[in-house]
Amino acid sequence: MSDTIFSKIIRGEIPCHKVYEDAHVLAFLDVNPLSPGHTLVIPKEPAVTVDALSDDASAAIGRVLPRISRAVLGATGASAFNILQNNGALAHQAVFHVHFHIIPKYDDGTGLGIGWKPQSFDHAAGKELAGKIAATLAK
Ligand code: AMP
């Protein structure tokens, strides 16, 4: 994968407002926050999208995401938050290194705004698709 701004942050070539670091994970404040406390949690493994992440890097992220979320809530006083994870330019990914956004939501409405437009569900097509995904997973 190509070098990204997050690789440079991991290597210490660009500064960040670090909130957490271990052997596999780095977390720091987003510099264009949707709300105070907006934090990015990234694997040190240089994968572009989450489907390309190794099991070990995924586990390392999963291990600390709840703990970092609790710390963001504790420090900001927010009681609600969203975790956002974009994959691909079409899905609004701008930095091509896996990252999880922790975005506190406040009473004043600041935080993540969500456009959620559910579509109708066809159970026959759903059954076929679920089977296809399960079969792909079993490979
Ligand atoms: P995404 O659209 O999911 O790829 O989000 C990328 C995020 O990275 C955006 O919210 C940016 O504000 C954030 N970002 C980009 N450069 C930096 C940086 N140097 N330090 C902290 N956050 C950054």
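A residue is counted as near the ligand if one of its heavy atoms lies within 4 Å of it.

**Figure 1. Overview of the chain in the predicted model.** The chain holds three helices and five strands. Read from the N terminus, these elements follow the order α-β-β-β-α-β-β-α. Along the principal axes, the C-alpha atoms fill a box of roughly 50 × 40 × 25 Å. Of the 139 residues in the chain, 31% are buried.

**Figure 2. The residues around the ligand.** The ligand is surrounded by 16 residues, of which Asp30, His92, Ala94, His99 and His101 come nearest. By class, the shell around the ligand consists of nine nonpolar residues, six polar residues and one charged residue.

**Figure 3. Polar contacts of the ligand with Asp30, His92 and Ala94.** Asp30 places a polar side-chain atom 2.5 Å from an oxygen atom of the ligand. For His92, a backbone N or O atom lies 2.7 Å from an oxygen atom of the ligand. A polar backbone atom of Ala94 is found 2.6 Å from an oxygen atom of the ligand. On its own, the ligand has 510 Å² of accessible area, and the protein covers 83% of this area.

**Figure 4. The pocket that holds the ligand.** The largest pocket is the site in which the ligand sits. Two elements, α1 (5-10) and β2 (25-29), each give two or more residues to the shell around the ligand. The greatest contribution to this shell comes from α1, with three residues.

Methods: Residues are numbered from 1 along each chain as its sequence is written. This is a predicted model: local features need pLDDT of at least 70, side-chain atom pairs count only at pLDDT 80 or more; totals for chains, interfaces and linings use all residues. Side-chain values use heavy atoms; hydrogens and water are left out. A polar contact is a pair of N or O atoms within 3.5 Å; within protein, one must be able to donate a hydrogen and the other to accept it, and residues adjacent in sequence count only if both atoms are side-chain atoms. Accessible areas come from the Shrake-Rupley method with a 1.4 Å probe; for residues, only the protein chains shown count as cover. On a 1 Å grid over the protein atoms alone, a cavity is a set of points where a 1.4 Å probe fits but cannot get out, and a pocket is an open set with protein on both sides within 12 Å along at least five of seven lines; lining residues have an atom within 4 Å of a point. A molecule sits in a cavity or pocket if more than half of its atoms lie within 2 Å of its grid points. Helices (H or I, at least four residues) and strands (E, at least two) are DSSP runs, numbered from the N terminus. Ala, Val, Leu, Ile, Met, Phe, Trp, Tyr, Cys and Pro count as nonpolar, Asp, Glu, Lys and Arg as charged, and the others, Gly among them, as polar. Buried means under 20% relative accessible area, exposed over 50%, partly exposed in between (1.4 Å probe, protein chains only).
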